[in-house]
Amino acid sequence: MLNSGEISNFIQKKDFAVNIIETAKVIILVLDSKGFILYFNPFMEELTGYSLEDMKGKEWFSAFLPEKDREDIKKIFLIAIEDMDVRGNVNTIITSKGQELYIEWYSKTLKDKNGRSAGLLNIGYDVTERKKLEENMSFLEYSMENSSMATFWIDSSGKLFNVNMRACKTLGYSQEELKNMNVSDLDPFFPEHLWPEHWRELKEKGVLIFNSFHRRKDGSLFPVEITANYLKFRDEEYNFAFAFDITERKKIESELEKYREKLEEMVKERTEELERKSLELNERVKEISCLYSATRLLSEPDKDLGEILKETVEILPSGFQYPSLTYIRIVIDNMEFKSSNFRDASLKMNFPVTVFGKEAGFFEIYCDEPFLKEEYTLIDNLSGKTGRIIEKRKTEYALWASELKHRILLEHIPQKIFHKDRDLNYIYCNDNYAADLKIKPEEIVGKNDYDFYPSDLAEKYRFDDRKIMEEGKTVELEEKYVKNGQDFYVNTVKTPTRDKNGEITGLFGIFWDITEKKEAEENLKKTMEELTRSNYDLEQFAYVASHDLQEPLRKISSFTELLDRKYKDRLDEKAQKYMFYIVDGAKRMQSLINDLLMFSRAGRGDMGFEKINMKEILDDILTDLQPLIKKENARIVVEHLPFLTGNTLQLHQVMQNLIVNAIKFHSKNPPLIQVFSKENEQEWVISVRDNGIGIENQYLERIFGVFQRLHTKEKYEGSGIGLSICKKIVERHGGHMMVDSIYGEGSTFSFTIPKR
Ligand code: ADP
């Protein structure tokens with residue numbers, strides 16, 4: 001049996017064979033019966049990059065074949081080893097660099113001496129180049145056949161000698177039919193007589209690309225783009241041409257064309273529209289910038305309205321289509337403003353300016369060209385705005401003025417003013433208030449009474465403030481106040497402050513020092529008390545004096561009377577005259593003292609009050625006065641008289657005094673006297689009216705004084721105490737005396753008695 005070592009020997013011994021094997025440009029590969037590598041020649045090493053030394057003993061299939069082929073090749077190997085020559089089988093092997101090589105194999109079984117298969121001798125040709133070419137060719141052919149381009153092989157006479165499937169499909173002919181046809185049969189633009197010219201051009205340029213038409217078998221034409229290629233192969237000339245159906249493209253092109261036209265149309269329209277718009281826009285920009293500058297001008301707070309309108313009339317024409325032909329006139333609050341170019345024109349617009357609902361003036365626009373709608377709107381807008389701005393200015397001015405007025409008032413009035421919030425922290429105080437606390441007004445904000453006053457006083461203020469806010473009522477009170485550690489009295493008015501919903505937000509207070517007033521009141525009270533006391537003392541004195549004087553006076557007058565009676569004859573004429581004066585003086589003195597006593601009695605003692613029928617009192621008086629009435633021929637008319645509460649005796653005296661005076665001070669005419677009464681809500685007024693001599697105005701007050709008379713005792717009797725007694729009595733009843741008189745015509749004496 002020949003083993004692998006023996007085979008090697010066999011190979012090595014045959015020098016000739018060895019030479020061939022080692023130099024041959026074919027692969028020589030020996031595998032054992034299991035497919036393990038026994039040998040390969042240097043060409044194989046060269047081809048694959050593997051050395052025999054490394055690969056010897058390795059399994060052929062896994063060492064060199066791609067995995068996908070291994071099983072198939074193994075099968076072929078098993079057939080070959082069974083003494084079946086295998087020829088021309090091609091498979092790929094993989095080189096050390098991973099490259100695939102196509103090898104065409106010729107295999108022969110090697111037998112041992114017993115004729116059994118011991119291995120396989122393989123001769124391999126590298127057919128990679130060929131294989132690749134083949135593959136390329138078939139790919140090319142396939143591509144050609146199935147290309148989306150109709151492909152034509154045309155000879156120099158214009159005959160189609162080959163076409164692809166696409167050409168058949170698009171034209172509707174079979175391959176056979178087409179192969180017998182000419183270009184002129186397909187393309188109406190290439191009749192046979194034009195062909196030579198076309199050929200020459202093609203030959204010259206090598207490639208021609210142009211649009212034409214092809215006719216289908218059914219006679220219909222369709223547009224094509226032809227790419228003609230001039231080829232020269234083995235001395236024969238060819239036109240290798242592609243035809244591309246451009247029906248779709250044409251369609252798209254024509255659509256595109258339509259679109260383009262439409263687009264152009266639109267662009268044109270848009271451009272026109274834009275031009276129009278930009279013109280309009282220009283107008284608008286003019287108007288808006290005019291409106292803007294005019295409004296800005298109008299809104300300048302520090303500028304005088306006159307100044308503003310003067311500038312406005314100059315600005316306005318610029319907002320119009322024809323600024324130089326537009327003239328403006330503004331009349332407001334009797335002020336007139338005209339643009340400097342002003343003149344009368346054929347057209348006129350008038351826009352009233354309304355301020356607080358009343359027409360305060362107008363804007364007038366004059367122009368020779370018709371106005372645009374926008375121009376109308378512009379001025380309409382502006383005149384409206386002007387009205388509102390004037391309103392705003394007036395309101396602001398009024399507000400400012402009233403604010404200023406209030407501020408000045410608050411800051412400068414001598415009263416102290418403060419404002420507290422709900423939590424009784426100060427929000428505001430005026431200078432005067434702050435001055436008392438020796439701080440600045442702004443320093444008081446946020447503080448409260450406890451920061452400034454003794455705690456008991458602060459406590460009281462707080463209590464009062466809370467009460468006022470709870471009850472929501474304004475309160476006026478006199479209270480204590482401390483300044484520089486000294487007590488003062490102040491009169492305070494506190495009032496709750498409210499928001500616009502009526503909710504109480506805090507408290508506003510104003511107070512002023514009444515310490516002096518209080519002191520003055522105290523003084524007055526004291527003086528009054530003193531006065532009353534001294535008055536009382538005086539009355540007491542008058543009473544005592546008049547009472548005690550009466551006794552010695554009575555003695556004087558009785559003894560002088562006695563002297564006069566008994567010793568008259570012994571006295572000479574002169575002495576008798578002196579005597580008369582003494583007696584008369586004593587009498588007068590007596591009556592004066594009597595009257596004085598009466599006067600002082602009127603203010604003394606307990607006054608019992610009772611219900612009195614004044615009518616009855618008057619009746620009694622008239623009865624008593626009958627002789628006097630008769631003597632003076634007086635007429636007395638008594639109207640309704642009321643029931644009163646008072647002292648009967650005293651009121652009797654008052655009424656009697658008045659009636660006696662009314663009779664006594666009569667004029668040349670006999671006295672006519674009216675007694676009447678009037679009722680007021682709280683008192684009765686009783687009056688006695690006469691037609692007597694009357695009293696000069698200047699004496700009206702005087703007559704109520706003690707011993708005040710306007711006449712000599714010779715003309716009218718009396719001591720001048722009657723009216724003072726009346727006055728005293730009436731005042732003790734809580735009423736008062738009045739007199740009304742016209743000198744020479746008569747007087748009316750009245751007194752009031754309160755209702756009880
Ligand atoms: P007498 O009557 O005692 O003089 P009165 O006090 O009664 O004192 O009056 C004071 C003065 O007032 C009178 O002197 C008189 O001048 C004036 N008088 C009072 N009553 C009248 C009267 N009815 N008409 C004019 N004068 C009067």
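**Hairpins, helix faces and ligand shell in a predicted model**

Strand 11 and strand 12 form a hairpin with 2 residues between them, and within the turn Asp 333 adopts a positive phi of about 50°. The coordinates described here are those of a predicted model. The two strands of this hairpin, strand 11 (residues 326-332) and strand 12 (residues 335-338), run antiparallel and are joined by 4 bridges; among the paired positions, Ile 332 has Met 335 of strand 12 as its bridge partner. Ala 345 lies in the loop between strand 12 and strand 13 (347-355). With a relative accessibility of 17%, Ala 345 falls under the 20% limit and therefore counts as buried. From the C-alpha of Ala 345 to that of Ser 254 the distance in space is 60 Å, the two residues being 91 apart in sequence.

A second hairpin is built from strand 15 and strand 16, with 4 residues between them, and here it is Leu 424 in the turn that has a positive phi, of about 65°. Strand 15 and strand 16 (residues 426-429) pair in the antiparallel sense over 3 bridges, and His 419 stands opposite Tyr 428 in strand 16. Strand 15 (residues 416-421) is also joined to strand 19 (residues 504-513), to which it runs antiparallel, by 6 bridges; in this pairing Ile 417 stands opposite Ile 510 of strand 19.

Positive phi values also occur in loops elsewhere in the model. Most residues other than glycine have a negative phi. Phe 356, although not a glycine, has a positive phi of about 50°, and is found in the loop between strand 13 and strand 14 (358-367). The relative accessible area of Phe 356 is 51%, so that this residue is exposed, the limit being over 50%. Lys 438, likewise not a glycine, has a positive phi of about 60° and is found in the loop between helix 15 (431-436) and helix 16 (441-444); at 62% relative accessibility, Lys 438 counts as exposed.

Several helices were examined for the placement of their buried residues. In helix 11 (residues 195-205), the buried residues are Trp 195, His 198, Trp 199 and Leu 202. These residues cover an arc of only 100° around the axis, and they are therefore on the same side of helix 11. The face of helix 11 turned away from this buried side carries the exposed residues Arg 200, Glu 204 and Lys 205. In helix 13 (residues 305-315), Leu 305, Gly 306, Ile 308, Leu 309, Thr 312 and Val 313 are the buried residues. Because the arc that they cover around the axis is only 155°, they lie on the same side of helix 13.

For helix 20 (residues 614-624), burial is found at Met 614, Ile 617, Leu 618, Ile 621 and Leu 622. Viewed down the axis of helix 20, these buried residues fall within an arc of 135°, so they line one face of the helix, whereas the face turned away from the buried side carries the exposed residues Glu 616 and Thr 623. The N-terminal end of helix 20 is capped by Asn 613, a side-chain oxygen of which lies 3.1 Å from the backbone nitrogen of Lys 615. In helix 12 (residues 247-298), Glu 280 was considered individually; at 40% relative accessibility, this residue counts as partly exposed. Glu 280 and Ser 138 are 142 residues apart in sequence, and their C-alpha atoms are 73 Å apart in space.

The ligand is surrounded by 20 residues, of which Asn 661, Asp 690, Arg 709, Gly 720 and Leu 723 come nearest. By class, this shell has 9 nonpolar, 8 polar and 3 charged residues. An oxygen atom of the ligand is 3.0 Å from an N or O atom in the side chain of Lys 664. Backbone contacts are also present, with a ligand oxygen 3.0 Å from a polar backbone atom of Gly 720 and a ligand oxygen 3.2 Å from a polar backbone atom of Gly 722. Taken alone, the ligand exposes 530 Å², and the protein buries 97% of that area. The elements that give two or more residues to the shell are helix 22 (648-664), helix 23 (722-732) and strand 26 (746-754), and helix 22 supplies the largest share, 3 residues.

Key. Residues are numbered from 1 along each chain as its sequence is written. This is a predicted model: local features need pLDDT of at least 70, side-chain atom pairs count only at pLDDT 80 or more; totals for chains, interfaces and linings use all residues. Side-chain values use heavy atoms; hydrogens and water are left out. A residue is near a molecule or strand if one of its heavy atoms lies within 4 Å of it. A polar contact is a pair of N or O atoms within 3.5 Å; within protein, one must be able to donate a hydrogen and the other to accept it, and residues adjacent in sequence count only if both atoms are side-chain atoms. Accessible areas come from the Shrake-Rupley method with a 1.4 Å probe; for residues, only the protein chains shown count as cover. Ala, Val, Leu, Ile, Met, Phe, Trp, Tyr, Cys and Pro count as nonpolar, Asp, Glu, Lys and Arg as charged, and the others, Gly among them, as polar. Buried means under 20% relative accessible area, exposed over 50%, partly exposed in between (1.4 Å probe, protein chains only). The arc is that of the directions from the helix axis to the C-beta atoms. Two strands pair if DSSP finds at least two bridges between them.
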